[in-house]
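User: Please walk me through this fold, one question at a time. Keep it brisk.

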Amino acid sequence: MNQILIIDASDSDRRLMSGLLTRAGYEPIVVDSIEAAKEKVVKLPPGAVIVSALSFRDGTAKELINWLNGN
């Protein structure tokens with residue numbers, strides 16, 4: 001249970017968070033859009049963590065939360 005999904009539109013923020021988490025022993029999964037996040041979320045194990053920006057190029061974190069609650 002050391003997978004963390006990082007969703008952020010900023011390439012530099014994704015790289016920074018990924019590097020920090022990798023050094024701490026986690027397995028970051030990095031995406032830049034809601035659609036990519038949806039593909040990854042369904043494959044995450046129970047208890048996995050999602051770190052998200054508030055908005056992306058194709059939507060918002062609220063939209064993703066609503067989608068997650070519907071599945």
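The questions below go through the sheet, the helices and a few single residues of this predicted model.

User: In what order do the three strands of the open sheet lie?
Analyst: The strands of this sheet pair in the parallel sense. β1 pairs with β2 over five bridges. Four bridges join β1 to β3. The order is β2-β1-β3.

User: Which strands stand at the edges of the sheet?
Analyst: The open sheet has the order β2-β1-β3. An edge strand here has a single partner, so one side of each is left without a neighbour in the sheet. The strands at the edges are β2 (27-31) and β3 (49-52).

User: By how many degrees are neighbouring strands of this sheet turned against each other on average?
Analyst: The pairing is parallel throughout the order β2-β1-β3. With direction ignored, the average turn between neighbouring strands is 20 degrees.

User: Which residue in β2 does Ile7 stand opposite?
Analyst: Strand β1 covers residues 3-7. In β3, Ile7 has Ser52 as its bridge partner. In β2, the residue opposite Ile7 is Val31.

User: What is the bridge partner of Ile4 in β3?
Analyst: β1 and β3 run parallel and are joined by four bridges. Ile7 of this pairing is matched with Ser52. For Ile4, the partner in β3 is Val49.

User: Is the β-α-β crossover from β1 to β2 right-handed or left-handed?
Analyst: β1 and β2 are paired in the parallel sense. The chain passes from β1 through α1 to β2. The crossover is right-handed.

User: At about what angle does helix α1 run to β2?
Analyst: Helix α1 spans residues 11-23. It lies across β1, β2 and β3. Its angle to β2 is about 170 degrees.

User: Is Ser18 buried or exposed?
Analyst: Ser18 sits in helix α1. Beyond residues up to four places away in sequence, it touches Ile6, Pro28 and Val30. Buried means under 20% relative accessible area. Ser18 has 17%, so it counts as buried.

User: How many residues of β1 are buried?
Analyst: β1 is mostly covered. The strand has five residues. The buried ones number four.

User: Within what arc do the buried residues of α2 fall?
Analyst: Helix α2 (residues 34-41) has Ile34, Ala37, Lys38 and Val41 buried. They pack against several elements, including β1, β2, β3 and α3 (61-70). Seen down the axis of α2, they line one face of the helix, because they fall within an arc of 100 degrees.

User: Which residue caps the N-terminal end of α2?
Analyst: The cap uses a side-chain oxygen. This oxygen lies 3.2 Å from the backbone nitrogen of Ala36. The capping residue is Ser33.

User: Which backbone oxygen does the side chain of Asn2 reach?
Analyst: Asn2 lies in the segment before β1. Leaving aside neighbours within four places in sequence, its contacts are Gly25, Tyr26 and Glu27. At 3.4 Å, its side chain reaches the backbone oxygen of Gly25.

User: How far apart in space are Asn2 and Asp13, C-alpha to C-alpha?
Analyst: Asn2 is partly exposed, with a relative accessible area of 28%. In sequence, Asn2 and Asp13 are 11 residues apart. In space, the C-alpha to C-alpha distance is 20 Å.

Key
Residues are numbered from 1 along each chain as its sequence is written. This is a predicted model: local features need pLDDT of at least 70, side-chain atom pairs count only at pLDDT 80 or more; totals for chains, interfaces and linings use all residues. Side-chain values use heavy atoms; hydrogens and water are left out. Two strands pair if DSSP finds at least two bridges between them. Helices (H or I, at least four residues) and strands (E, at least two) are DSSP runs, numbered from the N terminus. Axes are lines fitted to C-alpha atoms, for helices over the stretch in contact, and angles run from 0 to 180 degrees between N-to-C directions. Contact means heavy atoms within 4.5 Å. A crossover is right-handed if, with the strands pointing away from the viewer, the path from the first strand over the helix to the second runs clockwise. Buried means under 20% relative accessible area, exposed over 50%, partly exposed in between (1.4 Å probe, protein chains only). The arc is that of the directions from the helix axis to the C-beta atoms. A polar contact is a pair of N or O atoms within 3.5 Å; within protein, one must be able to donate a hydrogen and the other to accept it, and residues adjacent in sequence count only if both atoms are side-chain atoms.
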